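Open the model in your viewer and keep the selection tool at hand. The tour moves from one selection to the next.

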Amino acid sequence: MESIAMKWLLTAIIVVLGWALSALLRGVTKRLGRRREFSKARIFQTSVVINAACLVISLIAVGVLWGLKGDGLMVFATSLMALLGVALFASWSMLSNATAAIILFFSAPYRVGDRIRLLDGDNTVTGQIRHMGLIFITIQDELDHRYTLPNNLLLQKTVIRLKNDTLPRDQKHVRAD
C-alpha cells in the first residue's frame, strides 16, 4: 500500500517538474523572442514544440516509474516507429523544416524585415523576409514577387544578409527586353 502511495506521490512530482520545466523554457523563449523582436506567432510555434517535448519526457518518466519495462518499451517504441515511419516517410521534410525553424529561432541570424540573398546557383533569390513560420519563410523581391522557401534551405545554402535599404537586382533573373 505504501509503494502505491509513493508511486502516486512521485507521479505528482514528475508532473509538476515537467510542467515547471515547460513553463521555464517557455518563459525563456518568450523573453528571447521579445528581446529579438520576433513575431508572436513565431514565439508561439516554438513554445508549442517545447511543450510537446516536455510532455513526452514526462510521460516516459511516469511510464518508467509505474513499471514500464525496457522490453515492453522497446516493443511499444518499435511498433510506434513502424506506424510513424510509414506516415512520416513522405513528410520527413516537414520535420526537417520545423527543426530548422527552431534552430533559426534560437540562433537568430535573420528576422522579418531583413534583406537577404540566398545563393543557389541559377535559383538565387534576393529580397526582404516578410514571414518566418514553422515550415517556410516568405521573401518578397523589389518587383513584389513573393517566394516561399523551406526553412531548411536557409541552413543548407549560403545566405547573405544585405546591409543597405535597396535590394541589388540579381542580373541573372532580369529579362533583357
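## Stop 1: the aromatic cluster

Select Phe 38, Phe 105 and Phe 106: together they make up one aromatic cluster. Keep in mind that this is a predicted model. By the ring-pair rule, the count comes to 3 aromatic pairs.

Begin with Phe 38 and Phe 105. Their ring centres are 4.9 Å apart and their planes stand at 50 degrees, so this pair is tilted, lying between the 30 degree limit for stacked and the 60 degree limit for edge-to-face. Now colour by element. Phe 38 sits in the loop between helix H1 (2-35) and H2, and Phe 105 belongs to helix H4, so the pair ties together parts that are 67 residues apart in sequence.

Stay on Phe 105 and add Phe 106. These two form an edge-to-face aromatic pair, with 5.1 Å from centre to centre and 85 degrees between the planes.

Which of the rings are buried, and which is partly exposed? Switch on the surface to check. Phe 105 is buried, at a relative accessible area of 0%. Phe 38 is buried too, at 9%. Both values fall under 20%, and therefore both residues count as buried. Phe 106 has 34% relative accessibility, so it counts as partly exposed.

## Stop 2: the charge over the ring

Return to Phe 38 and select Arg 42. The charged end of Arg 42 sits over the ring of Phe 38, 4.2 Å from the ring centre. Leave Arg 42 selected, for this residue also appears at the next stop, in the lining of the largest cavity.

## Stop 3: the cavity

How many cavities of 30 Å³ or more does the whole structure hold? The search finds 1. Its volume is about 60 Å³.

Select the lining in three steps:

- Arg 42, Gln 45 and Thr 46 are among the lining residues.
- Add Ala 101, Ile 102, Leu 104 and Phe 105, which also belong to the lining.
- Finish with Met 132, Gly 133, Leu 134 and Asn 151, again from the lining.

Phe 105 thus links two stops: this residue is part of the aromatic cluster and part of the cavity lining. Helices H2 (40-65) and H4 (92-107) each supply at least two lining residues. The largest share, 4 residues, comes from H4. Colour the lining by residue class: 6 are nonpolar, 4 polar and 1 charged.

## Stop 4: the strands

Now show the ribbon and select E1 (residues 115-119). Which strands pair with E1? One is E2 (residues 125-132), which runs antiparallel to E1 and is joined to it by 4 bridges. Pick Ile 116 to see one contact: its bridge partner in E2 is Gly 127. E1 and E2 form a hairpin, with 5 residues between them. In the turn, select Gly 121, where phi is positive at about 60 degrees.

The other partner is E5 (residues 158-162), also antiparallel to E1, over 5 bridges. Pick Leu 118 and look across to E5: Val 159 stands opposite.

## Last stop: the whole chain

Clear the selection and zoom out. The protein has 5 helices and 5 strands. From the N terminus on, the order is α-α-α-α-β-β-β-β-α-β. Of its 177 residues, 31% count as buried.

Key: Residues are numbered from 1 along each chain as its sequence is written. This is a predicted model: local features need pLDDT of at least 70, side-chain atom pairs count only at pLDDT 80 or more; totals for chains, interfaces and linings use all residues. Side-chain values use heavy atoms; hydrogens and water are left out. Two strands pair if DSSP finds at least two bridges between them. On a 1 Å grid over the protein atoms alone, a cavity is a set of points where a 1.4 Å probe fits but cannot get out, and a pocket is an open set with protein on both sides within 12 Å along at least five of seven lines; lining residues have an atom within 4 Å of a point. Grid points are joined across faces, edges and corners, and a volume is the space filled by probe spheres set on the points. Ala, Val, Leu, Ile, Met, Phe, Trp, Tyr, Cys and Pro count as nonpolar, Asp, Glu, Lys and Arg as charged, and the others, Gly among them, as polar. Rings of Phe, Tyr and Trp (its six-membered ring) pair if their centres lie within 6.5 Å; planes under 30 degrees apart count as stacked, over 60 as edge-to-face and the rest as tilted. Buried means under 20% relative accessible area, exposed over 50%, partly exposed in between (1.4 Å probe, protein chains only). A charge sits over a ring if NZ of Lys or CZ of Arg is within 6 Å of the ring centre and within 35 degrees of the ring normal.
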